[in-house]
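Grab a pencil and work through a few short exercises on the structure below. Try each task yourself before reading its solution.

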Amino acid sequence: MPTEVTGARRAAVLGKPIAHSLSPVLHRAAYAELGLGDWSYDRFEVDEAGLAGFFAGLGSEWAGLSLTMPLKRAVMPLLDEVSETAASVDAVNTVVFTEDGRKVGDNTDIPGMVAALREHGIEEVESAAILGAGATASSALAALARICPGEVVVYVRSAARAAEMREWGERLDVDVRTADWADAAEALRAPLVIATTPAGTADALATAVPERPTTLFDVLYDPWPTELAARWSMFGGAVVGGLDLLVHQAVLQVERMTGRTPAPLEAMRRAGERALAAR
């Protein structure tokens, strides 16, 4: 259980680009709900070259940082401790500064995925498919390691990506089979489909959605819905969206940084929905 942090504190999200980030909206909504009026949460555009310098300039008022691309691996050498979850995928998206000055890295994307699926009634699946093979795909594999005892088929565009995903499968103890992106329509018949590709990449698959789709977890949230998610919903399938993931991982960040549990999930979700609607 995290220790409750008192006094005026600061937190922020770092990355490049960063202007699009919803993290300030979500965290500030949590602070307001929790009565943390003297807490602030900002965003800073920081790349890999500037990360060490940014850390060097932080004072004792800092409680934590959220990290997005391209910093999730670059930050690891700067930390005093890394959680097993973060180490399992070589990616840190959360840094907590302890009272004794230590910098502790964690990954809330993985348990955030599991929590988002659980909220939609997905506790376990017999098998799954992943569209894409980037950093988010490895986090998806780590999440599936907790809920999927069967095979995970990953659809990729290159032999190099296929090899990487098979290596992640071995490391995470997940039964991974890779398939060519040209056959990605076959993925849509899996009990759970996780789309981790950039905006627009999976749009062409929308016409291949089966008549009775199961569950789609599309990690995008802007624009929303994606063509694939919209078609999936139209055919009656269950859809877990990128905002679900964003909110659940942010809830865990707030709890780790402030020591307050539970974080106000619904208030954070409403704030995120309003911000997206205003874009």
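**Exercise 1: α8 against α9**

Keep in mind that this is a predicted model. Work out which residues of α8 and α9 meet, and how the two helices are arranged.

*Solution.* Start with the contact. On the α8 side you should find Leu243, Asp244, Val247, His248, Ala250, Val251 and Val254, and they meet Leu265, Met268, Arg269, Gly272, Glu273 and Leu276 of α9. Sort these contact residues by type and you get eight nonpolar, two polar and three charged.

Next, the geometry. Helix α8 covers residues 242-258 and helix α9 covers 265-277; they pack at an angle of about 135°, and their axes are 10 Å apart. That angle makes α8 oblique to α9, because only angles over 145 degrees count as roughly antiparallel. The crossing of α8 past α9 is right-handed.

Finally, look at the loop between α8 and α9, where Pro262 sits. The peptide bond from Thr261 to Pro262 is cis, and its omega is near -5°.

**Exercise 2: two other partners of α8**

Describe how α4 packs on α8, then do the α1 and α8 pair.

*Solution.* Take α4 (residues 109-119) to begin with: its axis lies 8 Å from that of α8, at an angle of about 120°. The two are therefore oblique to each other, and α4 passes α8 in a right-handed crossing. From α4, the contact uses Asp109, Pro111, Gly112, Met113, Ala115, Ala116 and Glu119; from α8, it uses Asp244, Leu245, His248, Gln249 and Leu252. By type, that's six nonpolar, three polar and three charged.

Now α1. Its axis and that of α8 come within 10 Å and cross at roughly 55°. This pair is therefore oblique too, with a right-handed crossing of α1 past α8. Leu26, His27, Ala30, Tyr31 and Leu34 of α1 touch Leu246, Val247, Ala250, Gln253, Val254, Met257 and Thr258 of α8. The tally here is nine nonpolar, three polar and no charged.

**Exercise 3: the two faces of α2**

Find the buried residues of α2 and say what covers them.

*Solution.* Go along helix α2 (residues 48-56) and pick out the buried ones: Leu51, Phe54 and Phe55. They span an arc of only 95° around the axis, so they sit on the same side of α2. Here's the background: an α-helix has 3.6 residues a turn, so residues three or four places apart point the same way.

Then flip to the face turned away from the buried side, which carries the exposed residues Ala49, Gly53 and Ala56. Back on the buried side, the cover includes the strands β1 (10-15), β2 (40-45), β3 (62-67), β5 (94-97) and β6 (103-106).

**Exercise 4: unusual backbone spots**

Which of the two residues Asp90 and Asp173 is exposed, and which is partly exposed?

*Solution.* Check the backbone of each one. Asp90 isn't a glycine, yet has a positive phi of about 50°; you'll find Asp90 in the loop between α3 (84-89) and β5. Asp173 isn't a glycine either, and its phi is positive at about 60°; Asp173 is in the loop between α6 (159-172) and β9 (175-180).

Now use the cut-off: exposed means over 50%. Asp90 has a relative accessible area of 28%, so Asp90 is partly exposed. Asp173 comes in at 72%, so Asp173 is exposed.

One last backbone spot: a cis peptide bond, omega about 0°, joins Lys16 and Pro17. Pro17 is in the loop between β1 and α1.

Notes: Residues are numbered from 1 along each chain as its sequence is written. This is a predicted model: local features need pLDDT of at least 70, side-chain atom pairs count only at pLDDT 80 or more; totals for chains, interfaces and linings use all residues. Side-chain values use heavy atoms; hydrogens and water are left out. Axes are lines fitted to C-alpha atoms, for helices over the stretch in contact, and angles run from 0 to 180 degrees between N-to-C directions. Helices (H or I, at least four residues) and strands (E, at least two) are DSSP runs, numbered from the N terminus. Angles under 35 degrees count as roughly parallel, over 145 as roughly antiparallel, 65 to 115 as roughly perpendicular and the rest as oblique. A crossing is left-handed if the near helix is turned anticlockwise from the far one by less than a right angle, and right-handed if clockwise. Contact means heavy atoms within 4.5 Å. Ala, Val, Leu, Ile, Met, Phe, Trp, Tyr, Cys and Pro count as nonpolar, Asp, Glu, Lys and Arg as charged, and the others, Gly among them, as polar. Buried means under 20% relative accessible area, exposed over 50%, partly exposed in between (1.4 Å probe, protein chains only). The arc is that of the directions from the helix axis to the C-beta atoms.
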